[in-house]
Every structure is written in C-alpha cells, then in structure tokens.
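Biologist: I have a structure open and would like some help reading it. Could we go through its features one by one?

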Amino acid sequence: MSTSDPAPEQAPRPRPKLVFDDPLDQQSSDDTDRGWGERPAGGGGAADLARFLDEKPPHHL
C-alpha cells in the first residue's frame, strides 16, 4: 500500500437553505402554555393541592 493512494470520495454536503420567512409568523415554545412551565389541566383536588404546594413561595409555608 502506498502513501499516494487517493482518499475515497465523499458525497458533497448539501448547502443550507436561506429562509426569508418572517420568524415572528411562526409559533415558538414561549407561545404555548408548556413554554411557560404550565402543567396540563386535570387531576382533581389532589393535583390542585400538589400544584399549590409546588408553586407557593417558601416564605408562605
């Protein structure tokens, strides 16, 4: 095997596309309740109590 062997050819990588859409027209994760840390609704009284205790500031214990 000689040192002048050519390297195997690699397929050219596709170039990234330029997108000129308005980014403010797209929904971001902050536009949803999940983006703000909201929990899905439901569960009943025990779930409400757990959420209340989780979200209460420490000085209100």
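Modeller: Let us take the overall fold, then a salt bridge, then a surface patch. Please keep in mind that this is a predicted model.

Biologist: Happy to. How many helices and strands are there in the protein chain?

Modeller: The protein chain has 1 helix and 0 strands. That helix, α1, covers residues 45–55.

Biologist: And what share of the 61 residues is buried?

Modeller: Buried means under 20% relative accessible area. Here 0% of the 61 residues in the protein chain are buried. The accessible surface of the chain is about 6,500 Å², and carbon and sulfur atoms account for 55% of that surface.

Biologist: Now the charged side chains. How many salt bridges does the count give?

Modeller: The idea is to look for a side-chain nitrogen of Lys or Arg within 4 Å of a carboxyl oxygen of Asp or Glu. The count comes to 1 salt bridge. Arg 51 and Glu 55 form a salt bridge through their side chains, at 3.1 Å from N to O.

Biologist: Where do Arg 51 and Glu 55 lie?

Modeller: Both sit in helix α1, 4 residues apart, or about one turn of the helix. Arg 51 counts as partly exposed because its relative accessible area is 30%. Glu 55 is also partly exposed, since its relative accessibility is 48%.

Biologist: Which residues make the nonpolar surface patch?

Modeller: Leu 49, Phe 52 and Leu 53 make it, and the patch measures about 300 Å². Take Leu 53, which is found in helix α1. Its relative accessible area is 44%, so Leu 53 is partly exposed.

Terms used: Residues numbered from 1 in each chain as written. Predicted model: local features only at pLDDT ≥ 70, side-chain atom pairs only at ≥ 80, totals over all residues. Heavy atoms only, no water. Patch = residues over 30% accessible without salt bridge, like charges linked within 9 Å, V, L, I, M, F, W, Y side chains within 5 Å. Areas by Shrake-Rupley, 256 points an atom, 1.4 Å probe, with all protein chains shown as cover. Helix = DSSP H or I, 4+ residues; strand = E, 2+ residues; numbered from the N terminus. Buried < 20%, exposed > 50% of the residue type's maximum accessible area, 1.4 Å probe, protein only.
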